[in-house]
Structures are given as C-alpha cells and as structure tokens.
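Trainee: Could you show me how to read a pocket and the ligands in a model?
Mentor: Happily; let's open it together.

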Amino acid sequence: MFSVLGIKTAPPMVCKALGACHRKVSPAAAPRFCMTPAHLRGHHTLGSASLPVAGPSVRHVRALDEERLMAVEWEDGGQSLYPFTWLRDNCQCPRCTLQSAEARLLLLADLDIHTGVDSVEVTKDSKVGHLFFFFNWMKKYCFLYLYLFIYLFILALCLRYYWDASLRIPTADFQDVLHDDGAALAWLLALRRVGIVHLKGAPAEQGQVARLAERIGYLRLTFYGHTWQVQDKSMANNVAYTSGKLSLHTDYPALHFAPGVQFLHCINQAQEGGESEVVDGFHMAEQLQAEDPEAFRTLSSVRVDFTDTGTDYCDFMLQSKNRIIDVDSEGKVTKINYNNATRDSVLDLPLHQVQPFYVALKAYVDIMNRPENVVTYTLEPGDIVTFDNWRLLHGRKSYVSRPDRLRHLEGAYLDWDEVMSRLRILRRNVHGDD
Ligand code: OGA
Ligand code: NM2
Ligand code: ZN
C-alpha cells in the first residue's frame with residue numbers, strides 16, 4: 001500500500017529533463033497547493049505520491065475512485081485526468097524510474113493493475129519517497145495534451161508532400177548542413193516531407209557520404225560495405241556496377257528491412273548519359289489505387305521474392321519476400337520494395353495468379369514511367385542526392401565514361417530511426433521544442 005502525493009521543489013535537473021514547454025513559476029509566485037486527501041476504499045491502493053512546486057501551478061488534485069482517475073485542476077483553469085494504473089506504472093520515484101536513463105525500473109510483474117488511491121496530497125518536500133510526480137511532468141503527459149502533442153508531431157514531422165515531374169528538388173549547401181543546425185534541420189525536414197534533397201558543394205572525393213552520415217549518427221552497413229562505389233566494374237556483382245540503364249527501383253528489396261535513406265555522392269560524372277531519374281512512389285501508388293484498384297490490391301497483398309547472391313563486404317546469399325507496395329493496418333502506403341534486377345525467378349504464386357500479378361506490376365511501372373511523373377536531373381561532381389529509399393524510386397540512364405575519368409558515385413545507406421532521432425534533436429535545439 002502506498003499513499004499518494006507529496007510535493008517537492010523539482011530539482012533543476014529534473015525540471016530541465018521535463019522540458020521547457022510550460023511556463024515557469026518562480027518560488028515566490030509558487031501557488032499554495034490545496035492538500036486534497038482522498039481516502040479511497042479498496043484492497044489495493046496507489047498509496048501516496050508527491051507533486052513538486054516547480055512547473056505549472058495546480059489548484060486542486062483529487063482522486064475519482066469510481067472512474068479510477070486522478071483529476072488535476074490547473075491554475076489556468078484546465079483539467080487533466082490520469083488513470084490510477086497508468087500513474088502507478090509511471091511513478092517517478094527513484095525506485096520506479098532510473099532518472100539517468102529516463103527509463104522504467106518498475107517491472108510489470110510488480111505492477112498492481114487494480115491499484116487504488118489511498119490519499120492524495122500535494123507537498124513541498126521530497127520526503128514522500130514512493131509514488132511522486134512532478135507537475136510539469138504530469139502536464140506534459142496529460143492524456144488530452146498528449147493526443148494534441150501526437151497530432152501536432154504528426155503534422156510537423158510526418159507530413160508528406162506528394163509530387164510529380166513539376167517538382168523543383170529542394171537544395172541545400174553541404175557545408176551549411178554539416179556546420180549549421182538550422183540548415184541541417186531544414187535538410188532533414190525536406191527529406192522527410194518531399195523525400196529528396198540535393199546537397200551541393202561537397203568535395204569531389206570519397207568519404208563525404210560517411211561525413212554526412214556522422215552528422216546524423218551512423219550509417220547502415222550492408223553486404224556492399226559501409227559505403228559503396230557505383231562504377232562500371234568487370235564481373236560486377238550488381239547491375240548498378242555496370243554502365244547500363246537502371247530502371248526505376250528502390251535499393252535492396254532483397255532485405256526484409258530495406259535501408260530507409262540513401263545518399264549518392266557524385267565524384268565523377270559520365271561523358272555521355274548517366275542522368276538520374278526519380279519518381280514519388282507513394283504518389284504513384286495513390287494514382288494506381290485510383291486508376292486500377294485491383295492492381296493496387298495485388299501489389300499491396302502479394303509477397304514477391306527477391307534475391308541477391310555474391311561477394312562484396314563478405315559473401316552473401318539473400319532471399320526475401322516483400323510486398324511491392326507495403327501498407328499498414330489501415331491501408332496507408334508505408335514502403336515501396338521494388339528492384340526489377342533482384343526480383344527472383346521464384347514466383348511463389350498459384351498459376352492462375354501469375355498473369356494478374358504481371359498485369360498489376362506493369363500497371364504500376366507504366367504509371368511511374370509517365371513523363372509527367374518523372375523528375376530528371378544530372379548530378380555534377382560535388383553534388384550529393386539524399387533521398388527516402390522507402391518512398392522514391394530512382395534510376396539512371398546508361399552512360400559512356402571518358403576513358404581517363406570513369407563515372408564514379410559513392411553511396412551510403414541510413415535508416416529512418418536514426419534520421420528521425422537527429423531530426424527531433426535538431427528541432428529541440430533550434431526551436432526549443434520538446
Ligand atoms: C544504385 C543506383 C544510380 C546511378 O547504385 O543503386 O541507383 O546514378 N545508382 O548510378
Ligand atoms: N548497391 C548500389 O537492390 C539493389 O541491389 C540496389 C545496391 C549495389 C549497393 C543496389
Ligand atoms: Zn539504386
């Protein structure tokens with residue numbers, strides 16, 4: 001049994017960790033807290049928790065036993081409700097939370113999901129050891145506020161602008177992105193929203209995609225190495241390493257978790273040909289769904305085999321099954337997996353489904369090859385194209401190199417988790433958002 005709520009002045013470290021999104025209350029202006037003991041009946045009780053003085057001001061706190069909710073009335077008139085079990089689960093005391101990691105110590109085995117509230121108390125000291133909450137922490141995690149926060153977050157970071165051939169690819173300066181947080185934030189936001197950003201002004205020598213990856217965190221190692229050299233190679237272990245045309249594709253559908261982000265740095269361009277092409281795969285999928293729902297249904301349900309065998313970083317023999325148009329449980333397109341070069345000859349379909357599959361794939365590829373959908377550009381030495389490999393399909397025209405200056409791109413992969421992590425940190429640093 002615990003008794004809930006005492007208040008202490010939040011230690012500065014805790015205040016900082018809890019974020020600066022709420023108005024600060026100077027000690028002099030600190031509100032007088034109502035002591036609101038709520039004696040509740042029941043076998044299990046939440047015990048007592050303490051709420052700190054610093055942070056948002058509180059007018060009233062009470063436990064609603066029937067509803068199993070704690071009601072906090074803020075000085076500004078707002079009210080927040082917190083389920084008892086959630087409060088118990090999220091106790092901020094040092095026995096339940098490892099502050100240095102902002103991680104839960106409390107084991108689920110030790111969580112009493114029938115916990116009730118014995119008493120509610122707002123105190124200024126931290127003596128109440130078990131079950132305490134800081135008001136600013138509580139306000140941040142207010143259920144209603146959280147919904148709003150998630151909604152705003154989705155709006156800010158997950159919004160995507162679909163495009164066609166009329167897109168003017170967003171461009172940023174390579175050095176600015178490396179050295180200026182505002183420029184880096186703008187770069188990653190555009191990468192998320194538009195799916196492609198050109199960086200200009202990188203030295204035309206190897207090592208730049210690795211520097212760029214370090215700006216974010218770390219790159220994604222694959223069987224083609226930490227970074228990889230796109231050049232016309234004899235005994236090429238991949239069609240990309242020839243001088244031939246690459247039709248629109250996403251990289252690495254032979255992996256079940258394809259790299260989320262790709263960088264391609266132009267070190268030398270071809271004498272003739274070698275132009276790049278990109279399309280917005282999500283937009284194309286939307287068009288397919290509108291024009292040919294049956295084809296969309298096929299490509300978003302059939303799991304297609306991909307394969308990749310060879311030796312590079314080490315020897316490899318990959319097999320995967322991926323939906324060409326990956327959708328979430330609500331039918332929203334989340335990822336495109338398609339490289340015609342690595343699509344397996346194994347077609348794991350009943351015979352009568354083979355032709356409908358080809359019809360569907362052809363319909364999607366025909367849409368993406370329409371001139372009104374394709375953006376074409378030529379990379380110059382020192383340019384780096386950064387793009388969403390889960391969303392865009394990219395290709396290149398066949399090329400002929402100068403004999404003394406072979407076409408050379410250096411590439412690297414990253415994953416979206418790491419990119420989004422950097423994006424959140426940059427947003428917090430630049431805008432002070434939490
Ligand atoms: C690749 C690729 C594009 C290019 O290597 O996967 O798409 O322009 N290369 O060579
Ligand atoms: N490279 C460029 O799916 C693929 O095989 C894409 C990968 C060789 C690292 C090409
Ligand atoms: Zn590629």
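**The second largest pocket**

Mentor: About 480 Å³ of space lies in the second largest pocket. Before going on: this is a predicted model, where local features need pLDDT of at least 70, side-chain atom pairs count only at pLDDT 80 or more, and totals for chains, interfaces and linings use all residues. Residues are numbered from 1 along each chain as its sequence is written, chains are lettered from A and ligands numbered from 1 in the order in which they are written, and side-chain values use heavy atoms, with hydrogens and water left out.

Trainee: What is a pocket, and which residues lie nearest the centre of this one?
Mentor: On a 1 Å grid over the protein atoms alone, a pocket is an open set of points where a 1.4 Å probe fits, with protein on both sides within 12 Å along at least five of seven lines; lining residues have an atom within 4 Å of a point. The volume is the space filled by probe spheres set on the points, which are joined across faces, edges and corners. Here 34 residues form the lining, and Ala240, Leu246, His249, Asp251 and His394 lie nearest the centre.

Trainee: Where does ligand 1 sit?
Mentor: A molecule sits in a pocket if more than half of its atoms lie within 2 Å of the pocket's grid points. Ligand 1 sits in the second largest pocket, and ligand 2 sits there too.

Trainee: Which side chains make polar contacts with ligand 1?
Mentor: A polar contact is a pair of N or O atoms within 3.5 Å. Oxygen atoms of ligand 1 have such partners in the side chains of histidine 249 at 3.2 Å, arginine 396 at 2.9 Å and arginine 407 at 2.8 Å. Taken alone, ligand 1 exposes 300 Å², and the protein buries 95% of that (Shrake-Rupley method, 1.4 Å probe).

Trainee: Which residues are around ligand 2?
Mentor: A residue counts as near if one of its heavy atoms lies within 4 Å of the molecule. Around ligand 2 these include Tyr224, Trp228, Tyr241 and Tyr413. An oxygen atom of ligand 2 is 2.8 Å from an N or O atom in the side chain of asparagine 238, and asparagine 339 offers a side-chain partner at 3.0 Å. With tyrosine 252, the partner is a polar backbone atom, 2.7 Å from an oxygen atom of the ligand. Of the 310 Å² of accessible area that ligand 2 has on its own, the protein covers 97%.

Definitions and conventions: Polar contact = N/O pair within 3.5 Å; in protein donor to acceptor, adjacent residues only side chain to side chain.
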